[in-house]
Amino acid sequence: MLDAILVMSGIAIALGAVLGFSAIKFKVEGNPLVEKIDAILPQIQCGQCGYPGCKPYATAIAAGEADINKCPPGGEEGIRKLAALLGVEFKPFGAGTVPKPKAVAFIDENICIGCTLCLQACPVDAISGAAKQMHTIITSECTGCELCVAPCPVDCISMVILPQTIQNWKWQYPVYTLVQAK
Amino acid sequence: MRTLYTFHGGVHPDEHKLESSELPSAQAPLPQRLVLPLQQHIGAKAKAIVQAGDKVLKGQLIARAEGMVSAALHAPTSGTILSVDLNAVPHPSDLPEQCITLAPDGEDRWIDRFPLDYRTLSKTELLAKLRDGGIVGLGGAAFPTHVKFSSSQSIQTLVLNGAECEPWITTDDLLMRERAAEIVQGIAVLRYLLEPAETLIGIEDNKPQAISAMQKACANTGIEVVSVPTLYPTGGEKQLLKVLTGKEVPSGGFPLNIGVVCSNVATAYAVHRLIAHGEPMISRMVTITGSVKTPQNFEVLIGTPIEELVKLAGGALPDSEGYILGGPMMGLHVDDGSLPVVKGTNCIIVKSPQLFPPPPLALPCIRCIRCAQACPADLQPQELYWFAKAKNFDKAKKYDLFDCIECGACAYVCPSHLPLVQYYRFAKSEILAHEKEQASADAARVRYEFRLERIEREKHEKAERLAQKEKAALETSKQAAAPADSAQSLIQAAIERARQQAAAAKPHNIEQLTPAQQAQVAEIEARRAEAHELAHQKDTPHETNNAD
């Protein structure tokens, strides 16, 4: 009887020690689900989801506080991927949220007064300039979030839809009709 | 006798080579207008260095290579630059591209040419020459040659591709028959660059004249001419390497991975023209065939409109419509006859409904697996088709979609006439676009996180600076004042300082006055005293202050 208790408690202590050790040794920093969701989000950082960036939105989704259909830049494909990751049903966009074609901001340099307000609004530091100096958009870094458009006091920022060129052209899905064999 | 190997699959389409290989090649005359796209090669677009109105000489640099993987562009003849603007180019998208348009002046005057002895040049100098000479692979993909030959790895085998497996095309055949010696001299330059242990030229056995000409030219050079069985697509780089060496390029890899470099014979010829004659890549051999009166090969200036070349071949036969640039298996179908010949254009086939009947309507896949039997890359085309059709791109990638060379053998044998290659191209471009998007999203994430960190850091630094300033001020005040209440003593000290300053300050204009001025001052003082007195008499201190 005593032997059995000793053996069992010995095993319990040994396993407890292993568990305790692995809890310290293999500790996971942060929530890995947040990272996975964040990897799917398009990183436009536009705030259209109601959160101040993609990471906060990912955190909210992981916590079950936010719906998965709040990201228009991610498109329906984004929703599909989130649904697959989280094991939930696909949810279409609510009324009023329409994915837009990819665009970048453009500063009319004749009008810009160099107020730096757009510089402060840009979430990815894609505007170069300084106080009382002309500002300009670094097109290759611009995510098209439109956050710089509203703060501009002289309305010199417009969104330009990227034109289709040979470099970004894609092959189309083949369209043909299946016919009944005679 | 060399042991040859076989690759998986392959097909035997009708060759149609005799039509154009009977006549010797000819020089095409100067066209009315030359259109030179800035992007004729794989890699970065060349940068135009001429403007509309500039006069240029034949062989003059008009666009320079930008970045590592790029190729320069030269004026194919002397004349005037008409424009540097968007123009239609041969591309499946039908989108316009930046082009330099040149009006020939008819003189065809060369710029100064500097023939070189390649043995006196270092490899780096030679590679730079190839880059500035605009040399790209002439087998079809137009990959910049200097990049291909800049490997520091030791190379076992250099393979020259003279297989020319696509039906109708005979440019390499004619080039090897007529200019074998020059090709061999070009190969010598390439061998100097790579120092391979062995050099092989693979030629399909349906070109006996080319084989014998090359064998004659290669005598005592250590270059081996190998006749390989005719089977489409033996001219594919990986397929030819398999046939000649038995080695397979690993999935997703390059011939370099197995110590082999493969180049087209026409590229070797272009290298020879550049090094031995100082002539950059401004022309190439093009087969004009199909529904034309006299199919023939022509030495054509880059930028020549294809309809002018069709006229040279006796003109299109009645009932022809549209062209194929390249071969019927992999070529680009176009309708516009004003499109220019680019560096990668090896053949122009004029289409007619008799020669190229419209494809029969596609039927559902019956899973007969004939495509898998024909696939030279040993893939499962039927699976790839399903995945591409269902837009299941991850799965398509897993099934090695990117090892597909788009040779069209699967679609050729498909009894349901499915446009299989179109599906693969669609899936490939979707995957590439998605990877690009993902990369830019990752970059945006890094920038966003860096910005948050920066803002936090700046806030921190500002707070620290303020704290330090305050501390410093406190220290000085402590030293100056007694240990009394610091704020009070500070104020006291300030008042004291102000008083002292006021006492020390004197009006500047009361010294060295003229008698007249002194009299004026005295008069004013008197009036002021009077006013003072009057104010005192009224007895309101408030008003006194005001009057003061």
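**Entry 1: burial.** I began with chain B of this predicted model and looked up how much of it is tucked away: 42% of its 548 residues count as buried.

**Entry 2: overall form.** Next I tallied the secondary structure of chain B and found 17 helices and 17 strands. I then looked up the radius of gyration, which is 40 Å for chain B; the globule rule gives 24 Å for 548 residues, so the chain is more spread out than a compact globule. The C-alpha trace fits that picture, spanning about 135 × 60 × 50 Å along the principal axes of chain B.

**Entry 3: contacts along the sequence.** I asked myself what share of the contacts in chain B between residues at least 6 apart join residues at least 24 apart. I got 70%.

**Entry 4: the largest nonpolar core.** A friendly reminder to myself: in soluble globular proteins, nonpolar side chains tend to be buried together. Here the largest nonpolar core has 130 residues, and those touching the most other members are Met214(B), Leu309(B), Ile348(B) and Leu420(B). Which helix of chain B gives the most to this core? I found that helix α5, residues 180-194, does, with 9 residues. I also checked the domains of chain B: domain 1 (18-30 + 114-350) and domain 2 (360-465) each supply at least three residues to this core.

**Entry 5: a look around Leu309(B).** I set aside neighbours within four places in sequence and listed what Leu309(B) contacts: Ala28(B), Val286(B), Ile288(B), Phe298(B), Val300(B), Thr304(B) and Ile348(B).

**Entry 6: another core.** Apart from the largest core I noted another one, of 17 residues, including Ala105(A), Val124(A), Ala126(A) and Ile137(A).

Definitions and conventions:
Residues are numbered from 1 along each chain as its sequence is written. Chains are lettered from A and ligands numbered from 1 in the order in which they are written. This is a predicted model: local features need pLDDT of at least 70, side-chain atom pairs count only at pLDDT 80 or more; totals for chains, interfaces and linings use all residues. Helices (H or I, at least four residues) and strands (E, at least two) are DSSP runs, numbered from the N terminus. The radius of gyration is taken over C-alpha atoms; the globule rule is 2.2 Å times the number of residues to the power 0.38. A residue is buried if 20 or more other C-beta atoms lie within 10 Å of its own, exposed if 12 or fewer, and partly exposed in between; C-beta atoms are placed from the backbone. Two residues are in contact if their C-beta atoms, placed from the backbone, lie within 7 Å. A nonpolar core is a set of buried Ala, Val, Leu, Ile, Met, Phe, Trp, Tyr and Cys residues joined through C-beta atoms within 7 Å. Domain bounds come from an automatic or database domain assignment.
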